[in-house]
Amino acid sequence: VDDLIRGMIAMMEQDQTTGPVNFGNPIKSSVLELAEQVIRLSGSKSKIVFQPLPEDDPQQRQPDISLASTMLEWQPLVSLDDGLRETIDFFKRILAGGL
């Protein structure tokens with residue numbers, strides 16, 4: 001979220017309008033890898049259940065951030081592990097009644 005907010009602010013500060021800008025992370029990952037990472041970081045005992053994928057579902061997620069990089073000089077700064085840890089901690093606090 002921190003990276004997304006930085007990118008959105010940078011885009012709003014531009015004088016020119018460009019169209020859609022991708023603020024994702026260009027590191028390749030599959031949904032399975034992401035699910036395994038969330039389970040590992042959260043200490044969950046959840047099981048991964050496989051369902052049929054839609055026909056047009058990409059097997060790897062790797063967004064093209066070249067427009068954000070060149071036009072806004074934007075790069076993601078928060079690693080996926082750090083972002084997931086912060087997100088997991090946030091939801092743990094909510095579930096514990098801390099927010």
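**A walk through a four-helix model**

Val1 counts as exposed, at 80% relative accessibility. Val1 sits in the segment before helix H1, which covers residues 2–12. The model is a predicted one. From this starting point, the chain can be followed helix by helix.

First, the overall plan. The protein has four helices and zero strands. Read from the N terminus, its elements run α-α-α-α. The radius of gyration is 17 Å, well over the 13 Å that the globule rule gives for 99 residues, so the protein is more spread out than a compact globule. Its C-alpha atoms fill a box of roughly 50 × 40 × 20 Å along the principal axes. Of the 99 residues, 17% count as buried. The protein exposes about 7,700 Å², and carbon and sulfur atoms supply 58% of that area. Contacts also reach far along the chain. Among contacts with a separation of 6 or more, 76% come from residues 24 or more positions apart.

Now take helix H1. Which of its residues are buried? They are Asp3, Gly7 and Ala10. Seen down the axis of H1, these buried residues fall within an arc of 60 degrees, so they line one face of the helix. They pack against helix H3, residues 66–72.

H1 also contributes to the surface. Val1, just before the helix, joins Leu4, Ile5, Met8, Ile9 and Met12 in a nonpolar surface patch. Together these residues have about 610 Å² of accessible area.

One charged pair lies within H1 as well. Side chains of opposite charge can pair when their charged atoms come close. Arg6 forms a salt bridge with Asp3, and their closest N and O atoms are 3.1 Å apart. Both residues lie in H1, three residues apart, which is about one turn of the helix. The partners differ in cover. Asp3 has a relative accessible area of 10%; a residue under 20% is buried, so Asp3 is buried. Arg6, at 33% relative accessibility, counts as partly exposed.

Next comes the loop between H1 and helix H2, residues 31–42, where Val21 is found. Is Val21 buried or exposed? Val21 is buried, with a relative accessible area of 14%. What does Val21 touch, leaving aside its neighbours within four places in sequence? Val21 is in contact with Met11, Leu67, Ala68, Met71 and Leu72. Met11 belongs to the range of H1, residues 2–12. Leu67, Ala68, Met71 and Leu72 fall in the range of H3, residues 66–72. For a sense of distance, compare Val21 with Gly97. The two are 76 residues apart in sequence and 36 Å apart in space, C-alpha to C-alpha.

Past H3, the chain enters the loop between H3 and H4, and Glu73 is found there. Most residues other than glycine have a negative phi. Glu73 has a positive phi of about 55 degrees, although it is not a glycine. Glu73 is exposed, with a relative accessible area of 71%.

Salt bridges come up again further along. The structure holds four of them. One of them links Arg40 with Asp81, with the closest N and O atoms 3.6 Å apart. Arg40 lies in H2 and Asp81 in H4, residues 80–95, so the pair ties together parts that are 41 residues apart in sequence. Arg40 counts as exposed, at 52% relative accessibility. Asp81 is partly exposed, with a relative accessible area of 23%.

Another salt bridge stays inside H4. Arg85 pairs with Asp82, and their closest N and O atoms are 3.6 Å apart. Because they are three residues apart in H4, about one helical turn separates Arg85 and Asp82. Arg85 is partly exposed, with a relative accessible area of 38%. Asp82 also counts as partly exposed, at 41% relative accessibility. Salt bridges that share partners join Arg40, Asp81, Asp82 and Arg85 into one network.

To retrace the route: the buried residues of H1 pack against H3. Val21, in the loop between H1 and H2, has contacts that include Met11 and Leu67. The salt bridge of Arg40 and Asp81 links H2 with H4.

How values were computed
Residues numbered from 1 in each chain as written. Predicted model: local features only at pLDDT ≥ 70, side-chain atom pairs only at ≥ 80, totals over all residues. Heavy atoms only, no water. Patch = residues over 30% accessible without salt bridge, like charges linked within 9 Å, V, L, I, M, F, W, Y side chains within 5 Å. Areas by Shrake-Rupley, 256 points an atom, 1.4 Å probe, with all protein chains shown as cover. Salt bridge = Lys/Arg side-chain N within 4 Å of Asp/Glu carboxyl O. Helix = DSSP H or I, 4+ residues; strand = E, 2+ residues; numbered from the N terminus. Buried < 20%, exposed > 50% of the residue type's maximum accessible area, 1.4 Å probe, protein only. Rg over C-alpha atoms; globule rule 2.2 N^0.38 Å. Contact = heavy atoms within 4.5 Å. Arc of directions from axis to C-beta.
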